[in-house]
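Visitor: Please take a close look at one part of this structure, a sheet, and then say how the rest is put together around a core and a contact between chains.

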Amino acid sequence: MEKFTQLTAVAAPILRENIDTDIVIPISRMVGNEARGSLGQWCFSALRYRPDGSENPEFILNRAPYRGAQILITGVNFGCGSSREAAVWALKEMGVRCLIGSSFGDIFFNNCFQNGVLPVVLDRATVESLAREVEASQGAGHISVDLAELTLTAPSGKRYPITVEPQRRQALLEGLDEIAITLQRAPAIAAFQEEDRQRRPWVYER
Amino acid sequence: MHPRTQLAKIWDAHVVADLGDNAYLLHVDRHLLHDLGGSRGLLDLRERGLPVHSPHLTFATPDHAISSAPGRSGTSSVGRELLAALREETAAAGIRLFDVDEPGQGIVHVMGPELGLSLPGCLIVCGDSHTCTHGGLGALAFGVGSSELAHVLATQTIVQRRPKAMRVNFEGSMPIGVTPKDLILRLIGVIGAAGGTGYAVEYAGSAVRALDLEGRLTICNLSIELGAKMGFMAPDDTTFAYLAGRPFAPKGHMWERAVADWRQLPSDPGAQFDRELTLNVASIAPQVTWGTSPEHVIAVDQSIPDPATIADPSRRGGIEAALDYMGLKPNQPILGTKVDWVFIGSCTNSRLSDLRAAAAVVRGRKVAAGVRAWVVPGSEQIKRDAVAEGLDRVFTGAGFQWREPGCSMCLAANGETVPRGERSISTSNRNFVGRQGAGARTHLASPAMAAAAAIAGVITDVRRMGIA
C-alpha cells in the first residue's frame, strides 16, 4: 500500500451532505476487471460534467485553484452507500489523498485506509470553519496534515490535533500490507477453525 | 453472567485475535461472491501467488452485470467477460458457483437465505453493501470493499472495529397497506441516512416478531441506508421454520444441535445498548421518497418539503439540489406525480411475498399508457415459484415485462437504465443521483405502492386501490 505521511495542499470544500459513492464514481464507469486506472476522469461525473459531456464550470473541482486539489473538505456522511472501493480509487486517481469531514460512510472510511488515503474526522464546526477559511483565501490557503505528528494546520496557521486509530496510523505511515500481516497469524486461524468445527459443525459441514 | 447483546455474542464467537484498540481479527463463516467483483478478487489473489483459504466457505453467483432480458440476450460484452471470468476463477479455486438458469442463481442477498447458506449466528461478508440483508436470519452480515474481499479470500478472516449497539423497537401492528419497506423507510426518515453510522442495529419489538422472514430481510436490507453496516434480528421459530429443509441448512441431528445453539443468540434481558429507540408502527403510512437520499422520505399523503424552512445551510443546499435533480417543487403533494418507469425487483423487494403483494394490486388491471413496468424476480427459484402460481401471467397480462433474475435496474450495472430526466418508482434501496442511470429520477417505495403507481400512471396511495 502507498504510504501517507504528510501533505500540504490545496483543499476543496464540497460540503453537500450525503455525497454517496455512486456520485463519486458512477457504476457505468467501473464495471469490468480492467476499469481501475481510468477512473479519475469520471470521479464526480454527475457534478463535474454537463449532460453534453462538457465541464460544469460551477463545480468547484473545475475551477482554479481547486482543480487537482489533494484534500477535500467534505459534508456530513460523505461516502455513504455502495461498498465500491472504486470510489476511493477514483478519488486517488484524481489526486485526492486526504478527506476532512465530520462523518463518513463506514465502508468507504475503511476502504480509504486500504489505499493510502487518509480520512480525518473533526467536529462539524471545525470542518465548516476550515471550509470558510479556504473560501476566504479563494483556495490560496493550503491545509497541512501531518500523520506522524497527528496535527492539522489551517491556512491561518492554527493547529488542530487529529485522531487516527493507532494501527491504521502505523499502516499508513509504513505502507503495510494487511493480508501479509494476517497471514502471519495462519496458525491461529487454523486453530480457530478446528475448535469452531467442534462447536458449530453445521457451519463447515453439509 | 452479565447480560449480553446478540451483537456481542456473535462477535465474541468469531474472534480469532484481539488486535487492540477495539480492532479484532474475525472469522468469516460465509463469503459470497458476485460477478461484479468476485473474479477480480480471485485474480488479485492469483497474482499474489496466494491460494483461497477456505473455498468450501465461499459461494458465488452472477447477479449484477448479467442482463435481465429473456435469454439474457442483452448482456454487454463486459458483462459477458465478467461472467466468463467468474466461471473460470471459481472453478480454478474450487468455489461453488450457482450459474445462470440454475436453481440457486439469484441476487446474492436473495439466494444466500433461500439456499440456507446464510444461517443464524454466522458472520457473513460479501463485496456489496446490502450484505446486511442476511441479518434478517440472525446473522452478523456486512459489506466489504475490494481490499477486504481479497483479505477474506486469502485468510478467511477480516479485521473489523467493533461497532456500537443500537436497538430499534417497532411496536404495534402494521396498518393495511403498510409493509416492512415502509417501516424501515420511516426509520431512515426519523434518524437520517447517517443515524446508524458506527452502529450495528438490532431490530426488535412486536411488529418485528410478527413479521415473516422475507419482510425481516427487507428491513435489514436497508440498514446500510441508515449508515449502519449491519442490521439484524433475533432468530426465532419463524426463522427456524423458514430455514428447515433448505438445501444447505443443517439436517437431522445437526439441525437439532444448530437450533439449540441459535436459541441462545438473542440479546439477554437487561442487555445494554448504546442507543435505543421505539417507533409506533400503527401510525406509519405508506412511504415514498422525493429526493436523492433515502432520508428524503415522506408519507404518501404528505407534501414535498420546503428548503426555505431549513436553517442549516448545507442541509438546505442538499434539499435544493435534490429537488432540482428530481424536477419537483416544494410544498406540492407527492400524490399525483407522473411516473414513466416502474421497477419491481432488487435485493430489497424481489422475493415471492413481494411479487404476491404487487400482483394483488395489479390483478385484473392494466399498466397506465406511457408507463414501462418491469418485474425482475430475485432468483431463479423465485421466478419458478412465481410462474407455478401464475404470477407471471398476472403481470404480463397487465402489461408488465416479466424478466430474468438479477440486480437489473436497481443499480444499472448491466446497462439497464432509466433514461435521463425520466421518473421511476422503484422497490429498490437507493434513490441516489444517477443510480438508475445518468439523470434518472428515482422514487423508492414498497412493491404494493410501485404496482399501484404502474396502474395509475402517477404516485398513488395504495390504500385507496381497494386491496384488502
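Guide: B:Tyr203 has B:Met233 as its bridge partner in β11(B). Strand β10 (residues 199-204) of chain B is joined to β11(B) by four bridges, and the two run parallel; strands (DSSP runs of E, at least two residues) are numbered from the N terminus, as are helices (runs of H or I, at least four residues). Two strands count as paired if DSSP finds at least two bridges between them. The model is predicted: local features need pLDDT of at least 70, side-chain atom pairs count only at pLDDT 80 or more, and totals for chains, interfaces and linings use all residues. Residues are numbered from 1 along each chain as its sequence is written, while chains are lettered from A and ligands numbered from 1 in the order in which they are written.

Both strands belong to an open sheet of four strands in chain B, ordered β11-β10-β9-β12 with parallel pairing. Its edge strands, β11 (230-233) and β12 (275-280) of chain B, each pair on one side only.

Next, the core. The largest nonpolar core (buried Ala, Val, Leu, Ile, Met, Phe, Trp, Tyr and Cys residues joined through C-beta atoms within 7 Å; buried means 20 or more other C-beta atoms within 10 Å of the residue's own, with C-beta atoms placed from the backbone) has 211 residues, and B:Ala451 is among those that touch the most other members. Helix α15 (residues 447-456) of chain B gives the most to this core, with nine residues. Leaving out residues up to four places away in sequence, B:Ala451 touches B:Ile344, B:Ala358, B:Val361 and B:Val362, contact being C-beta atoms, placed from the backbone, within 7 Å.

Note on methods
A residue is buried if 20 or more other C-beta atoms lie within 10 Å of its own, exposed if 12 or fewer, and partly exposed in between; C-beta atoms are placed from the backbone. Two residues are in contact if their C-beta atoms, placed from the backbone, lie within 7 Å.
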